[in-house]
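Me: Please take one part of this model and examine it closely, starting from the strand pairing and going on to the helical packing and the open space beside it. I would like a single connected account.

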Amino acid sequence: MKTADADETLLLDLLNTTPVVDGVPRDDLADAEVGREWLTARGQPPTEDEWRALLDARQALQGLVRGDETPRSVARFVDGVSYRPSVVQDGIAWTLDLPRGRSAAARAVLAWDALRVSSPGRLRPCANPECRRFLVDHSKSNSARWCSMAICGNRMKARRHYERSRQPGGAVR
């Protein structure tokens with residue numbers, strides 16, 4: 001997997017660590033040990049500093065994607081980030097230098113910005129108001145609304161169908 005794809009996956013996985021399951025909000029990173037395992041599974045340094053920075057970055061990024069925060073809220077995660085060039089056999093290779101203790105948070109923020117630039121408006125919250133997940137819309141028409149058609153999409157469609165059928169004169173055909 002290319003680094004950009006891996007970082008987009010890291011970002012989306014991070015945003016989706018606070019789901020609502022059976023009507024109950026959950027935090028998949030609330031425990032430090034579980035947080036370190038989550039980091040390890042995504043090839044990130046599994047330190048306590050990384051985990052704490054990730055929690056802070058998640059909160060800022062979720063607010064940013066929902067429109068409740070400004071890009072200033074993520075500035076502290078990319079302070080000190082740089083790219084270093086090196087000459088290789090067929091050109092120049094760029095190496096991302098990340099700050100220790102917040103490299104995963106920096107990667108997630110950089111992935112958010114890359115999506116903001118390359119695919120404006122395609123990273124968004126699920127349209128189900130009872131869901132706290134996010135999605136990256138890769139559809140050609142940019143019309144995806146739900147984190148999962150099988151879960152939220154079907155629930156929302158069933159809810160609308162039920163509401164229409166309950167209204168006087170609103171028989172559904």
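Reply: Two strands are taken as paired if DSSP finds at least two bridges between them. The model is a predicted one. In it, strand 3 (residues 82-88) and strand 4 (residues 91-97) run antiparallel and are joined by 7 bridges. A hairpin of 2 residues leads from strand 3 to strand 4. Within this pair, S86 stands opposite A93 of strand 4.

The helical packing can be followed from helix 3 (residues 48-66). Its 19 residues, at 1.5 Å a residue, should span 27 Å, and the end C-alpha atoms are 27 Å apart, so the expected and modelled spans agree. After helix 3 comes G67, with a positive phi near 90°.

Buried here means under 20% relative accessible area. By that criterion the buried residues of helix 3 are E50, W51, A53, L54, A57, R58, A60, L61, Q62, G63, L64 and V65. Their cover includes helix 1 (3-15), helix 2 (32-41), helix 4 (75-78) and helix 5 (103-118), together with strand 5 (123-125) and strand 6 (134-136).

Two of these covering elements, helix 1 and helix 5, also lead to the open space. The second largest pocket has a volume of about 220 Å³, and the elements that give two or more residues to its lining are helix 1 and helix 5. Helix 5 supplies the largest share of that lining, 6 residues. The lining has 14 residues, and A4, D7, L110, A111 and A114 lie nearest the pocket centre. By character, the lining divides into 7 nonpolar, 3 polar and 4 charged residues.

Methods
Residues numbered from 1 in each chain as written. Predicted model: local features only at pLDDT ≥ 70, side-chain atom pairs only at ≥ 80, totals over all residues. Heavy atoms only, no water. Helix = DSSP H or I, 4+ residues; strand = E, 2+ residues; numbered from the N terminus. Expected span 1.5 Å × (residues − 1). Buried < 20%, exposed > 50% of the residue type's maximum accessible area, 1.4 Å probe, protein only. Contact = heavy atoms within 4.5 Å. 1 Å grid on protein atoms, 1.4 Å probe; cavity = no way out; pocket = protein on both sides within 12 Å on 5 of 7 lines; lining within 4 Å. Points joined across faces, edges and corners; volume = space filled by probe spheres on them. Nonpolar A, V, L, I, M, F, W, Y, C, P; charged D, E, K, R; others polar.
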